[in-house]
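Me: Got a minute to go through a structure with me? I'll paste it here, and then I have a few quick questions.

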Amino acid sequence: MILNRFWALSRPLCRLFGTFVSQADAPLAHGGCKGLVVGVYETSEKAATFTECGEQTDAMLKGRLRAELDRCGMTGKSGEVRILNGLPGDFHSVAIVGLGSRERSFCEKEMMDVGLENVRVAAALGSLRLRDDHISEISLDPMGHPEQAAEGATLALWEYQDNRMVECRRPAVALECYQCPDEDSWTRGLFKAEAQNLARKLAEAPANQMSPSVFAEVASDSLCPCGVTVDIRGTDWIIAQGLTAFMAVARSSCEPPAFLEINYTGTDTSERPILLIGSGVTFNSGGLCLKPAEEMELERATMSGAAVVVAAVRAAAALSLPINIRAVVPLCENMPSGMSFKVGDVFRCSNGKSIAVHDTGNPDILIMADTFSYATQKYKPRLVLDVATLTTRFNPLGSTASCVFATSDPMWKELQKAAALTGDRVWRFPFWKYYTHQIANFTNFDLSNRGDGQGYTCRQAAFLREFVGDTMWIHMDIGEAGLVAKNNFVPYYREGKMTGRPTRALIQFLYQVACPEQITDLREV
């Protein structure tokens with residue numbers, strides 16, 4: 001693979017990459033017990049079939065794993081877990097996990113590679129059960145796909161504990177691949193999952209601990225050691241650039257805004273970059289259109305788009321992807337105050353278009369309008385991709401997938417493929433003129449930040465399109481998908497906690513764009 005040519009450069013980043021996301025302050029689990037997760041496949045016959053690693057382990061234990069399968073009637077269906085404790089040898093406990101059918105692959109109805117997702121789910125379930133049994137070191141069967149196994153286990157074992165007393169934190173668990181046939185794939189999976197955990201950490205932090213200035217500092221600390229340049233712009237610079245709509249939102253809070261410009265150069269500087277834009281409202285109270293109190297706590301994660309972009313750039317640098325990336329992240333709060341912008345206010349954006357405010361609870365597209373105009377003119381990108389939580393209350397897909405709008409069919413297909421591979425599903429929505437009329441059909445100003453009529457998600461995308469120009473563009477409205485996990489969505493996300501989605505889908509997309517000749521089908525990862 002072309003990625004292997006860059007692998008030597010990224011190996012020194014392995015330890016560095018985990019520095020900011022790992023639970024470094026958590027105590028290690030007591031007892032020093034080791035555990036092993038092994039997989040079994042569901043078959044048409046009565047008996048399930050072990051993976052290669054499982055067969056070797058069963059032989060080492062003189063058939064005890066097979067005897068347990070026969071005793072409990074385990075079929076190998078995805079989601080099944082059995083634990084054996086007190087075993088002789090290196091492993092005190094073994095978790096046997098179901099993988100479903102070995103033949104499962106891409107499912108068009110589900111828009112997902114079900115076989116790869118089953119590996120993530122199995123790795124997550126087995127690792128969680130062993131951790132709950134106080135196992136301090138977990139060895140993981142690669143189950144034929146070490147990258148996906150690493151993703152599932154790493155995502156499942158992570159949790160936000162920064163505000164607990166150190167002695168009260170859940171002990172950290174050491175994770176390794178058992179008899180791994182492909183160390184590079186395993187480490188790529190760790191990189192992707194740790195990047196998503198960084199996005200989860202940023203989104204999970206309380207708003208008073210993740211203000212615009214703190215976010216900017218954390219982003220700089222996370223990216224600069226990976227060779228990424230981060231420029232942090234302040235209020236005076238924002239005003240000088242004429243980012244009027246952005247400052248209208250930022251003035252509502254006593255917390256100063258910040259504007260991040262991130263530069264990763266992975267190939268020849270003459271190659272036009274991909275421009276990533278992440279919306280960064282670190283707390284959205286709704287401003288003068290105050291949001292209900294019972295819904296407001298989650299508004300600390302309105303900056304999830306910015307978190308995903310920072311995390312994806314970090315993974316791209318750690319993997320030394322041969323691509324140039326420019327990322328722009330506007331950061332501010334939206335608060336009710338004497339300086340708040342008001343319903344009916346009109347601001348002229350940096351591209352000359354006037355914007356009327358009809359909902360102060362929708363500040364994201366105001367700050368992104370200025371950001372789009374500024375960044376597309378400065379960087380002349382070959383593709384613009386933005387990530388934002390614009391429709392947290394009106395998302396038509398709920399938490400199952402991200403809404404995507406794309407002006408390029410080839411780029412949409414690449415993103416769809418990346419989403420199917422990573423299990424972070426996406427669904428494409430239309431750019432119909434009907435929605436443009438809903439936000440632009442006014443006589444005394446150019447655009448409304450809310451518009452009229454139905455199709456709220458589509459209206460928001462139509463608004464942003466007015467600031468992109470002719471550049472290829474993908475808009476990802478991550479809505480509920482990028483916020484908290486609900487209804488036991490998948491076991492590697494903790495119920496009621498931030499997901500960090502769609503970080504892995506974005507990383508996979510960047511890899512496919514950087515190395516197109518290496519992706520031949522949905523299983524070429």
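Reply: Sure. This is a predicted model, and the area buried between domain 1 and domain 2 comes to about 2000 Å², with carbon and sulfur atoms giving 59% of that.

Me: Which residues of domain 1 supply the most of that area?

Reply: Met111, Leu155 and Trp158 supply 31% of what domain 1 buries against domain 2, more than any other three residues.

Me: And where do the two domains start and end?

Reply: The domain assignment puts domain 1 at 31-181 and domain 2 at 200-522. Their C-alpha centres lie 36 Å apart. In terms of contacts, 24 residues of domain 1 meet 20 residues of domain 2.

Me: How many salt bridges go across the interface?

Reply: Four salt bridges cross between domain 1 and domain 2. There are also seven residue pairs in polar contact there, both residues at pLDDT 80 or more.

Me: Which elements of domain 1 give two or more residues to that side?

Reply: Those are β6 (112-113), α5 (114-132) and α6 (146-157). Of these, α5 gives the most, with eight residues. By class, the side of domain 1 that touches domain 2 has 12 nonpolar, two polar and 10 charged residues.

Me: Switching to the whole structure, how many salt bridges does a search find?

Reply: It finds 24. One pair is glutamate 110 with arginine 425, where the closest N and O atoms are 2.8 Å apart. That pair links distant parts of the chain, 315 residues apart: glutamate 110 is in the loop between β5 (106-107) and β6, and arginine 425 is in the loop between α14 (409-422) and β18 (426-428).

Me: Is arginine 425 buried or exposed?

Reply: Arginine 425 counts as buried, because its relative accessibility is 17% and the cut-off for buried is under 20%. Glutamate 110 is partly exposed, with a relative accessible area of 41%.

Me: What about glutamate 261, which residue does its side chain meet in a salt bridge?

Reply: Glutamate 261 meets lysine 378, at 2.9 Å, N to O. Glutamate 261 lies in strand β10 (residues 258-265) and lysine 378 in helix α13 (residues 364-379), so the pair ties together parts 117 residues apart in sequence. Glutamate 261 is buried at 3% relative accessible area, while lysine 378 is partly exposed at 42%.

Me: Last one: which residues do salt bridges with shared partners join into one network?

Reply: Arg131, Asp132, Glu159, Arg170 and Arg494 are joined that way.

Definitions and conventions: Residues numbered from 1 in each chain as written. Predicted model: local features only at pLDDT ≥ 70, side-chain atom pairs only at ≥ 80, totals over all residues. Heavy atoms only, no water. Domains from an automatic or database assignment. Contact = heavy atoms within 4.5 Å. Buried area = accessible area lost by both parts, 1.4 Å probe. Polar contact = N/O pair within 3.5 Å; in protein donor to acceptor, adjacent residues only side chain to side chain. Helix = DSSP H or I, 4+ residues; strand = E, 2+ residues; numbered from the N terminus. Nonpolar A, V, L, I, M, F, W, Y, C, P; charged D, E, K, R; others polar. Buried < 20%, exposed > 50% of the residue type's maximum accessible area, 1.4 Å probe, protein only.
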